Amino acid sequence: MVDQNVVERIEQDIKNNDVVLYMKGTPVFPQCGFSAAVVQVLSHTGVKFKGVNILEDPGLRQGLKEYSNWPTFPQLYVKGELVGGCDIVREMYESGELQTLMADKGVASAAA
Ligand SMILES: N[C@@H](CCC(=O)N[C@@H](CS)C(=O)NCC(=O)O)C(=O)O
Ligand code: FES
């Protein structure tokens, strides 16, 4: 069973922020290479994003896996929807799909 308080917290976060990255560590100090890679991709796209450090909250770490049905971190959410983890985000950036997705969803980006 997913903890309802955790679900509420996730839904608030992904509703109030266009781009949310659930990650290990912070955007300034990532604590895993997979999370660092997605931070880097996002900074290349120029979109503003909220980083949430799941290492600080074991309940959130577990709850997110159940909520998203995705077993690992990082997890990137855009406009309330899970896009994927490191592999997917990197591939989508390289093919240009990530930039298209952000543009289609109306997420402002400084760099094209
Ligand atoms: N292939 C994955 C790599 C991410 C990954 O394997 N993450 C692991 C190690 S950081 C993880 O989150 N394990 C579950 C956990 O630590 O709770 C991706 O594309 O995102
Ligand atoms: S923390 Fe070890 S691979 Fe991410």
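Biologist: What makes Q4 count as exposed?

Modeller: In this predicted model, Q4 has a relative accessibility of 52%. Exposed means over 50%, so Q4 is called exposed. Q4 is placed in helix 1. Its C-alpha lies 9.0 Å from that of G63, although Q4 and G63 are 59 residues apart in sequence.

Biologist: Why is N53 called buried?

Modeller: The relative accessibility of N53 is 12%. Because buried means under 20%, N53 falls in that class. N53 belongs to strand 2, residues 50-53.

Biologist: What makes the approach of the N53 side chain to L55 a polar contact?

Modeller: A polar atom of the N53 side chain lies 3.0 Å from the backbone nitrogen of L55. The limit for such a pair of N or O atoms is 3.5 Å, so the distance of 3.0 Å satisfies it.

Biologist: How do you know that R9 and D57 form a salt bridge?

Modeller: Their side chains meet with N to O at 2.9 Å. A salt bridge requires a side-chain nitrogen of Lys or Arg within 4 Å of a carboxyl oxygen of Asp or Glu, so R9 and D57 qualify. R9 lies in helix 1 (residues 4-16) and D57 in the loop between strand 2 and helix 3 (58-68), so the pair ties together parts that are 48 residues apart in sequence.

Biologist: Why are R9 and D57 called partly exposed?

Modeller: R9 has a relative accessibility of 38%, and D57 has a relative accessible area of 25%. Partly exposed covers what lies between under 20% and over 50%, so both residues belong there.

Biologist: What makes K50 and D13 a salt bridge?

Modeller: The closest N and O atoms of K50 and D13 are 3.7 Å apart. The cut-off is within 4 Å, so the pair is accepted. K50 in strand 2 and D13 in helix 1 are 37 residues apart, and their pairing links distant parts of the chain. K50 is partly exposed at 32% relative accessible area, whereas D13 is buried at 12%.

Biologist: How do you know that K79 and D18 also meet in a salt bridge?

Modeller: The N to O distance between their side chains is 3.6 Å, and the limit is 4 Å, so this pair satisfies the criterion. K79 lies in the loop between strand 3 (75-78) and strand 4 (81-84), and D18 in the loop between helix 1 and strand 1 (19-23), so parts that are 61 residues apart in sequence are tied together. K79 is partly exposed, with a relative accessible area of 39%, and D18 is partly exposed with 34%. The structure holds 4 salt bridges.

Biologist: Why is K48 called exposed?

Modeller: K48 has a relative accessible area of 76%. Exposed means over 50%, so K48 is assigned to that class. K48 is placed in the loop between helix 2 (33-45) and strand 2. K48 and P71 are 23 residues apart in sequence, and their C-alpha atoms are 25 Å apart in space.

Biologist: What makes the surface patch of D87, E91, E94 and E97 one of negative charge?

Modeller: Asp and Glu count as negative, so the gathering of D87, E91, E94 and E97 on the surface is a negative patch. Helix 4 (residues 86-95) gives the most to this patch, with 3 residues. E91 is found in helix 4. Its relative accessible area is 54%, and exposed means over 50%, so E91 is exposed.

Note on methods
Residues are numbered from 1 along each chain as its sequence is written. Chains are lettered from A and ligands numbered from 1 in the order in which they are written. This is a predicted model: local features need pLDDT of at least 70, side-chain atom pairs count only at pLDDT 80 or more; totals for chains, interfaces and linings use all residues. Side-chain values use heavy atoms; hydrogens and water are left out. Patches are made of residues with over 30% relative accessible area and no salt bridge: like charges are joined within 9 Å, nonpolar side chains (Val, Leu, Ile, Met, Phe, Trp, Tyr) within 5 Å. Accessible areas come from the Shrake-Rupley method with a 1.4 Å probe; for residues, only the protein chains shown count as cover. The place of a charge is taken as NZ of Lys, CZ of Arg, CG of Asp or CD of Glu. Helices (H or I, at least four residues) and strands (E, at least two) are DSSP runs, numbered from the N terminus. Buried means under 20% relative accessible area, exposed over 50%, partly exposed in between (1.4 Å probe, protein chains only). A polar contact is a pair of N or O atoms within 3.5 Å; within protein, one must be able to donate a hydrogen and the other to accept it, and residues adjacent in sequence count only if both atoms are side-chain atoms.
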